[in-house]
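Welcome, and thank you for taking a look at this one with me. Please open the sequence and the 3D view side by side, and we will walk through a few places in turn.

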Amino acid sequence: KEYATLIVTREGKVGLITLNRPKALNALNSQLVGELCEVLNIFDKDPEIGCIVITGGEKAFAAGADIKEMQSKTSVEAYSTAFLAPYDTIAATRKPIIAAVAGYALGGGCELAMSCDIILAAENAVFGQPEINLGIMPGAGGTQRLTRAVGKAKAMELCLTGRQMFADEAERSNLVSRIVPVESLHDEAMKTASKIADFPVHVVMMIKESINRGFVTTLSEGVRFERNQFYSLFATEDQKEGMAAFIEKRKPQFKNR
Ligand code: HXC
C-alpha cells in the first residue's frame with residue numbers, strides 16, 4: 001500500500017517506516033500520525049515482523065507537530081476530537097520500535113522518538129521541547145518521558161527554555177542509547193533491529209513489557225511481574241532449545257520468531 005506521508009518497507013523481519021514530508025521537515029500532521037498508527041498496527045499483528053524502525057530524513061527526524069495545522073485549533077476541538085490520542089497507539093505497540101534520529105527531533109518529534117523503545121542518534125541529531133516558544137507546552141508525553149529519561153533538572157531546563165540539545169548531550173544524559181555517524185544511521189538501526197527480530201518474538205515482547213511495567217508500578221510489583229513472565233518462559237520450546245543449544249555448543253534454532 002502507498003502512503004502519502006510515509007515510505008514503508010520490509011527488510012527481512014524488520015518493518016521500516018520512513019517519515020516522508022521533507023519539505024515540512026516531517027512536521028507531524030494528522031494524516032502522518034494516522035498513517036503511522038495504521039502501519040504500526042499492521043506490523044504489530046504481522047507474524048513476519050519482529051522489530052520496527054522509525055526514521056526520518058538527514059535534516060529532520062520530525063520538527064514537531066504541524067504548526068500550520070494546529071494554529072487554528074480551539075481547545076474544544078482539541079479536547080473533543082482527542083487530538084493527541086493517536087500518540088498512545090505508538091507507545092502501545094507491543095513489538096519493539098527503534099527511533100533512528102538524524103537532524104531535528106523537536107516537540108512532537110522528540111516525543112515520538114521517546115515513545116519508541118530505543119533511540120539511536122546520528123551525530124547531527126538535535127532534541128528539544130520548544131513548545132514554550134509557541135505559547136504552548138509539550139502534549140504528547142514530553143514533560144513525562146523526558147523527565148524519566150534525563151532527570152528533573154535537565155527536563156525542566158529544556159521544557160522551560162526551549163533549548164535544543166545536541167546528540168552528545170543527549171547521549172550523556174541517557175536519552176539515546178548511542179550515537180553513530182549520519183551515513184551509518186540506517187545500517188546501524190537495521191542491524192540492531194534484525195538482531196532483535198532474530199530472537200523469539202514472545203520473549204522480545206515480554207522483555208519490552210516488563211521494562212515498561214517498571215515505569216508504571218512499584219519496584220516490588222515490577223519484580224513480581226518480571227518473575228512471573230520469567231517462570232512462564234519455561235513452558236516454551238524456545239527455552240528448551242536455547243538451553244540445549246548452549247549445552248551442546250551449537251546455535252539455537254528458535255521456533256517462534
Ligand atoms: C509546520 C514546519 C514545522 C512545524 C518546520 N516547518 N517545522 N511546518 N510545523 N513544526 C516548515 C517550515 O515552515 C518551512 O516551510 C519548512 O518546514 C522548513 O523549515 P525552516 O524553518 O525554513 O528550516 P530551518 O530554518 O532550517 O529551521 C529548522 C527548525 C525550524 C529549527 C527545525 O523549522 C523550527 O523551529 N521549526 C519548528 C519547531 C517547533 O517549534 N516544533 C514544535 C512544534 S509544537 P516553508 O513552507 O516556510 O518552506 C509541537 C507540539 C507537540 O510539536 C504536541 C504533541 C504532538
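How far is an oxygen atom of the ligand from a polar backbone atom of Lys 23? The two are 3.4 Å apart. Please keep in mind that this is a predicted model.

**The ligand and its surroundings**

Two further polar contacts join that one, and here they are together.

| Residue | Protein atom | Ligand atom | Distance |
|---|---|---|---|
| Lys 23 | polar backbone atom | oxygen | 3.4 Å |
| Lys 59 | polar side-chain atom | oxygen | 2.7 Å |
| Ile 67 | polar backbone atom | nitrogen | 2.9 Å |

On its own the ligand would expose 1000 Å², and the protein buries 66% of that area. Three elements each give two or more residues to the shell around the ligand: helix H2 (67–70), strand E6 (104–106) and helix H5 (108–115). H2 supplies the largest share, with 3 residues.

If you would like to zoom in, 23 residues surround the ligand, and those that come nearest are Lys 59, Ala 63, Ala 65, Ile 67 and Gly 108. Lys 59 and Ile 67 thus appear in this nearest group and also in the table, Lys 59 through its side chain and Ile 67 through its backbone. By residue class, the shell holds 14 nonpolar, 3 polar and 6 charged residues.

**The sheet that includes E6**

Strand E6, which we met in the ligand shell, also belongs to an open sheet of 4 strands. The strand order is E4-E6-E8-E9, with mixed pairing. At the edges are strand E4 (60–62) and strand E9 (165–166), each of them pairing on one side only. Between E6 and strand E8 (residues 126–128) the pairing is parallel and runs over 3 bridges. To find this pairing in the view, look for Leu 106, which stands opposite Gly 128 in E8.

**A residue in helix H11**

Our last stop is Gln 229, which sits in helix H11 (residues 219–232). Is Gln 229 buried or exposed? Gln 229 counts as buried because its relative accessibility is 12%, and the cut-off for buried is under 20%. Its side chain makes a polar contact of 3.1 Å with the side chain of Glu 209. Setting aside neighbours within four places in sequence, Gln 229 is in contact with Met 206, Glu 209 and Ser 210. Glu 209 is therefore a good residue to select alongside Gln 229 in your viewer, as the partner in that side-chain polar contact.

Notes: Residues numbered from 1 in each chain as written. Predicted model: local features only at pLDDT ≥ 70, side-chain atom pairs only at ≥ 80, totals over all residues. Heavy atoms only, no water. Near = heavy atom within 4 Å. Polar contact = N/O pair within 3.5 Å; in protein donor to acceptor, adjacent residues only side chain to side chain. Areas by Shrake-Rupley, 256 points an atom, 1.4 Å probe, with all protein chains shown as cover. Nonpolar A, V, L, I, M, F, W, Y, C, P; charged D, E, K, R; others polar. Buried < 20%, exposed > 50% of the residue type's maximum accessible area, 1.4 Å probe, protein only. Contact = heavy atoms within 4.5 Å. Pairing = 2+ DSSP bridges.
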